[in-house]
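Here is a quick tour of a helix pair and some unusual backbone spots. Have the structure open while you read.

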Amino acid sequence: MEVKLLTEHYDKKEYRSLKGYQKWGGYETLPKALKMKPEQIIAAVKDSGLRGRGGAGFPTGVKWGFLPKNKDTRYLLCNADEGEPGTFKDRMMMERAPHQLIEGMIISAYAIQSPKSYIYIRGEYNQSIRIVEQALREAYDAGVLGANIVGSGFDHEMDIYRGAGAYICGEETGMISSLEGKKGQPKLKPPFPAIQGYLKKPTIVNNVETLAAVIPIIQNGAAAYRKHGTEKSPGTKLFSVSGNVVKPGNYEVALGYPLMDLINNECGGLRPGRKLKAVIPG
């Protein structure tokens with residue numbers, strides 16, 4: 001069955017605006033996070049077991065912990081270059097809840113002490129780009145972005161970078177190359193981005209869904225987040241289902257949920273007259 005940690009209010013059109021997002025509890029977690037120490041947020045994300053939602057599944061808190069303990073400028077990059085065939089959950093998240101992504105990014109940026117972040121959006125996502133741009137303007141006007149965010153003393157700038165249709169830029173080092181104005185192709189590792197990434201500075205790259213998931217973790221605690229999912233993969237996950245099912249779309253379910261239950265229960269099974277021959281998981 002669906003477990004709507006992130007998508008509870010996605011059916012409300014007003015949720016994409018600042019006022020609508022705040023009406024349903026948006027930006028209530030941000031002041032709480034900014035009163036915590038950065039290392040406390042990293043510890044909470046690590047304890048939650050949150051894994052990267054872009055495909056690799058690497059533990060998010062562990063990745064954040066790889067940042068060197070120095071005074072170098074750090075960058076946070078949101079990977080919204082969603083190019084996998086049949087995948088459209090990041091697009092939905094940006095179009096229905098752009099402020100959820102922004103709030104998650106600000107909290108994450110504070111955790112790693114980053115003064116600047118970029119949202120790298122797939123170039124074909126014109127609607128997503130327009131909606132996120134509008135949300136950023138609202139966030140700056142409301143004082144949740146820019147200097148001294150909600151009186152915390154933390155400053156953060158956020159911007160959008162539009163991709164140009166190269167699938168390889170969904171790979172984090174390829175994305176960094178593109179963001180630097182170079183040919184979008186992967187770099188050799190090591191060094192890993194957390195050590196030497198964008199502009200040769202320590203850089204964290206996370207997916208749209210990963211960054212949004214930071215909000216319920218900080219709001220309700222790591223233990224509450226771990227009540228969903230499995231021991232090794234806690235929490236919920238958005239799955240994009242397309243093809244010959246009765247109700248194609250995005251569904252948020254706990255990790256470990258059987259694939260056939262998702263198809264038969266949430267998606268209403270196969271269309272009349274169709275037989276299941278193959279499933280391509282991505």
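## Two helices crossing

A crossing is called left-handed if the near helix is turned anticlockwise from the far one by less than a right angle, and right-handed if clockwise. In this predicted model, α5 passes α7 in just such a left-handed crossing. On the α5 side, the contact is made by Arg91, Met94 and Glu95, and α7 brings in Gln127, Ser128, Ile131 and Val132. Sort those by class and you get three nonpolar, two polar and two charged residues.

As for the geometry, α5 covers residues 89-96 and α7 covers residues 126-142. They pack at an angle of about 35°, and their axes sit 8 Å apart.

## Back-to-back cis peptides

Now scroll along to the loop between α8 (172-179) and β4 (203-207), where proline 190 lies. The bond joining lysine 189 and proline 190 is cis, with omega at about -5°. Then comes proline 191, in the loop between α8 and β4 as well. Proline 190 and proline 191 are also joined by a cis peptide bond, this one with an omega of about 5°.

## Positive phi without glycine

Which residue in the loop between α7 and β3 (157-162) is worth a look? Try asparagine 148: it isn't a glycine, yet its phi is positive, about 50°. Asparagine 148 is partly exposed, with a relative accessible area of 39%.

Leucine 199, back in the loop between α8 and β4, is another non-glycine with a positive phi, near 55°. Leucine 199 has 46% relative accessibility, so it counts as partly exposed.

How values were computed:
Residues numbered from 1 in each chain as written. Predicted model: local features only at pLDDT ≥ 70, side-chain atom pairs only at ≥ 80, totals over all residues. Heavy atoms only, no water. Axes fitted to C-alpha atoms, helices over the stretch in contact; angles between N-to-C directions. Helix = DSSP H or I, 4+ residues; strand = E, 2+ residues; numbered from the N terminus. Contact = heavy atoms within 4.5 Å. Nonpolar A, V, L, I, M, F, W, Y, C, P; charged D, E, K, R; others polar. Buried < 20%, exposed > 50% of the residue type's maximum accessible area, 1.4 Å probe, protein only.
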